[in-house]
Amino acid sequence: MGTGKPLIAILMAVYEPRMDWLREQLLSLEGQTYPNLRLYLRDDCSPTVPFGEIEACVAECIRSFPCKVWRNEENLGSNRTFERLTEEAEGEYFAYCDQDDVWLPEKLAILQEELEGFGAQLTCSDMYIIDGGGKVVADSITKIRRHHRFRWGTGLTDTLWCSNFASGCALLVRAETAKAAVPFNPYMYYDHYITLFAANGGSIAFVD
């Protein structure tokens with residue numbers, strides 16, 4: 001896009017989305033300050049939400065960067081849908097995206113700067129916890145999950161076997177690292193496995 005910034009691909013798996021929440025999330029992607037983005041979205045065969053409605057919502061909300069929207073031929077589950085998106089997407093970094101979150105405008109810009117500055121394979125952040133109406137109920141996931149402890153640096157593989165600290169919706173990973181992790185381990189959530197894979201190959205960064 002002529003910005004001089006590397007491309008970040010946003011990978012979004014959708015299933016039976018509540019459309020007002022999906023719209024709010026898409027608008028928060030549209031509002032990102034990072035200037036070079038592309039959205040890849042796959043609907044995992046939602047049984048009651050028409051695919052055309054999802055397509056229309058994306059077209060209405062995403063205006064400033066390209067997007068590709070597909071529907072799976074069969075229901076694959078979130079792990080395999082994210083795996084397929086990882087195989088298909090192009091870009092230098094991948095940001096994984098849930099259908100019912102809201103991203104702060106500077107999220108991707110800060111994560112990309114931290115990842116590059118630290119020379120890491122993957123970087124992650126904390127998050128606010130909100131209720132169904134968008135009201136903040138905690139200013140950190142550690143207030144909800146008392147065992148949750150963020151870590152960073154090298155040598156984290158052993159720790160990550162037992163406990164993951166990087167949530168999919170709050171991480172940014174180098175594309176070549178994510179692609180090398182395919183196929184994903186079917187017995188681990190995709191974000192846990194990608195973080196473990198990244199830690200095994202280098203360092204993890206953290207934005208508080």
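**Notebook: an aromatic cluster, a charge over a ring, and S46**

I began with the aromatic side chains of this predicted model, and found that F82, Y96 and Y190 are linked by ring pairs into a cluster. I then looked up how many aromatic pairs the structure holds, and the count is eight. For the pair of Y96 and Y190, I noted ring centres 5.3 Å apart and planes at 45°, and since stacked pairs need planes under 30 degrees apart and edge-to-face pairs over 60, I entered this pair as tilted.

Next I asked myself where Y96 and Y190 lie. Y96 belongs to strand 4 (residues 93–97) and Y190 to helix 7 (residues 190–201), so their pair ties together parts that are 94 residues apart in sequence. I also checked exposure: Y96 is buried, at a relative accessible area of 0%, and Y190 is buried as well, at 8%.

Turning to charges over rings, I found K107 lying over the face of W103, at 3.2 Å from the ring centre.

My last entry concerns S46, which I located in the loop between strand 2 (37–43) and helix 2 (51–61). Is S46 buried or exposed? With a relative accessible area of 4%, S46 falls under the 20% limit and is therefore buried. I looked up its side-chain partner and found D43, joined to the side chain of S46 by a polar contact of 2.5 Å. Leaving aside residues up to four places away in sequence, I listed V14, Y15, E16, P17, I54 and R71 as the residues that S46 touches.

Conventions
Residues numbered from 1 in each chain as written. Predicted model: local features only at pLDDT ≥ 70, side-chain atom pairs only at ≥ 80, totals over all residues. Heavy atoms only, no water. Helix = DSSP H or I, 4+ residues; strand = E, 2+ residues; numbered from the N terminus. Buried < 20%, exposed > 50% of the residue type's maximum accessible area, 1.4 Å probe, protein only. Polar contact = N/O pair within 3.5 Å; in protein donor to acceptor, adjacent residues only side chain to side chain. Contact = heavy atoms within 4.5 Å. Phe/Tyr/Trp six-rings, centres within 6.5 Å; stacked < 30°, edge-to-face > 60°. Lys NZ or Arg CZ within 6 Å of the ring centre and 35° of its normal.
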